[in-house]
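Colleague: I should be grateful for a close look at the packed interior of this protein, including its aromatic pairs. Please take me through it as one connected account.

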Amino acid sequence: MTTPTSVLVPTAHRVLHRTVETHDSVTLELAPTAAALPSFRPGQFMMLSVPGVGEVPISSCGDPTRDDGVLTHTVRRVGQASAALHDAPVGANVGARGPYGTAWDLDRAVGADLVIVAGGVGLAAVRSPVLAAVAHRTRYRNVTLVIGARTPDEILYRGELDGWRAAGIDVVVTIDQPARDWDGPVGFVTEVLARLTVDPHRTYALACGPEAMMRFSVRALDTLGVDRRRVQVSLERNMQCGVGVCGHCQLGELLLCRDGPVVDYAVAGPLLHTREL
Ligand SMILES: Cc1cc2nc3c(=O)[nH]c(=O)nc-3n(C[C@H](O)[C@H](O)[C@H](O)COP(=O)(O)OP(=O)(O)OC[C@H]3O[C@@H](n4cnc5c(N)ncnc54)[C@H](O)[C@@H]3O)c2cc1C
Ligand code: FES
């Protein structure tokens, strides 16, 4: 029988592959050393831990059609626990528990246009829906992925973008400031969104990134006529237990580890002015 404490016990995994994405981010593939955890749905997260250091919530960013129990996560080093994960070499032991939280609602976008907006490491949280769209491209009309990064060096998954384009995803990458060796769009994701041609009544949008970016992206979508009820955002606020027990992730009436991270913007929007605990 599952007890309240047993759900907090991580399952041992071993680092199978480590891909350097940028100067501060890596993508880890983690293989279970015993029974695999349940499969995740795009948008959900895992609590990943390094023994003796700490535990952090990290989005599942793997291919949702893969069923071998291997977990895929992109980790940016910001503090102690994320740095320990980031630095974990191939063969190292890492703990994982989950998957937790809500998922992107991709079903309601079937037959419609899908616009996916990501800023910085927020791209990790939408990589799975992108891979799902790549695997089932004909389910949707147009699929557009708008990626914002500060500099070209900070773009995640650079080696995958052409493959996504070849699969029929319209990928636009914009950087904040002009840079040498960059001849793509310059400016914020909102400027790219404002130039999109969409049928607003048949468009669904997903966004993950800094909260200001998500707020302004929703305003740009408003201008295109896309109803806020058709926009979902992923709210990556600080978490501790991941299972709705500690209250650390409370935002208004929501516990984001349980009621999020994916939340309809109609619900999330009015709460976004609330500071973190
Ligand atoms: C649902 C969810 C999914 C996430 N997915 C990813 C992911 O796929 N990849 C990834 O690299 N990170 C992700 N994060 C963020 C990651 O959990 C934090 O970077 C991590 O918890 C920081 O812990 P730390 O011990 O390394 O640093 P700490 O010492 O706890 O913090 C170091 C600095 O980072 C800031 N910080 C802490 N947590 C966050 C946060 N959630 N967002 C922004 N700043 C934060 C702190 O305020 C502090 O300034 C996700 C967070 C959530 C809630
Ligand atoms: S992290 Fe503990 S209740 Fe959400």
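Modeller: A residue is called buried when its relative accessible area is under 20%. The model is predicted, and I begin with a helix to which that term applies. In helix H1 (residues 80–87), the buried residues are Ala81, Ser82, Ala83, Leu85 and His86. The elements that cover them include strands E1 (11–20), E2 (25–32), E4 (54–59) and E5 (71–76), together with E3 and E6.

Strands E3 and E6 also bring us to the aromatic pairs, of which a search of the whole structure finds 2. In one of them, the ring centres of Phe45 and Tyr100 are 5.9 Å apart and the ring planes stand at 55°, so this pair is tilted. Phe45 belongs to strand E3 (residues 45–50) and Tyr100 to strand E6 (residues 93–100); the pair therefore ties together parts that are 55 residues apart in sequence. Phe45 and Tyr100 are both buried.

Tyr157 and Trp164 form an aromatic pair that is likewise tilted, with 6.3 Å from centre to centre and 55° between the planes. Tyr157 has a relative accessible area of 1% and is therefore buried. Trp164, with a relative accessible area of 4%, is buried because this value falls under the 20% limit. Tyr157 has a further neighbour: Arg127 lies over the face of its ring, 5.0 Å from the ring centre. Another arginine, Arg230, places its charged end over the ring of Tyr204, at 5.6 Å from the centre.

I turn now to the nonpolar interior. In soluble globular proteins, nonpolar side chains tend to be buried together. The largest nonpolar core here has 36 residues, and those that touch the most other members are Leu193, Leu235 and Leu256. Helix H5 (residues 211–224) supplies the largest share of this core, namely 6 residues. Both domain 1 (11–100) and domain 2 (106–233 + 266–271) contribute residues to the core, which means that the core lies between them.

Leu193 merits a view of its own surroundings. Leaving aside residues up to four places away in sequence, Leu193 touches Val115, Val117 and Val146, and also Ser217, Ala220, Leu221 and Leu224. Apart from the core that holds Leu193 there is another, of 35 residues, including Ile116, Val126, Leu131 and Leu156.

Definitions and conventions: Residues numbered from 1 in each chain as written. Chains lettered and ligands numbered in written order. Predicted model: local features only at pLDDT ≥ 70, side-chain atom pairs only at ≥ 80, totals over all residues. Heavy atoms only, no water. Core = buried A, V, L, I, M, F, W, Y, C linked by side-chain atoms within 4.5 Å. Buried < 20%, exposed > 50% of the residue type's maximum accessible area, 1.4 Å probe, protein only. Helix = DSSP H or I, 4+ residues; strand = E, 2+ residues; numbered from the N terminus. Domains from an automatic or database assignment. Contact = heavy atoms within 4.5 Å. Phe/Tyr/Trp six-rings, centres within 6.5 Å; stacked < 30°, edge-to-face > 60°. Lys NZ or Arg CZ within 6 Å of the ring centre and 35° of its normal.
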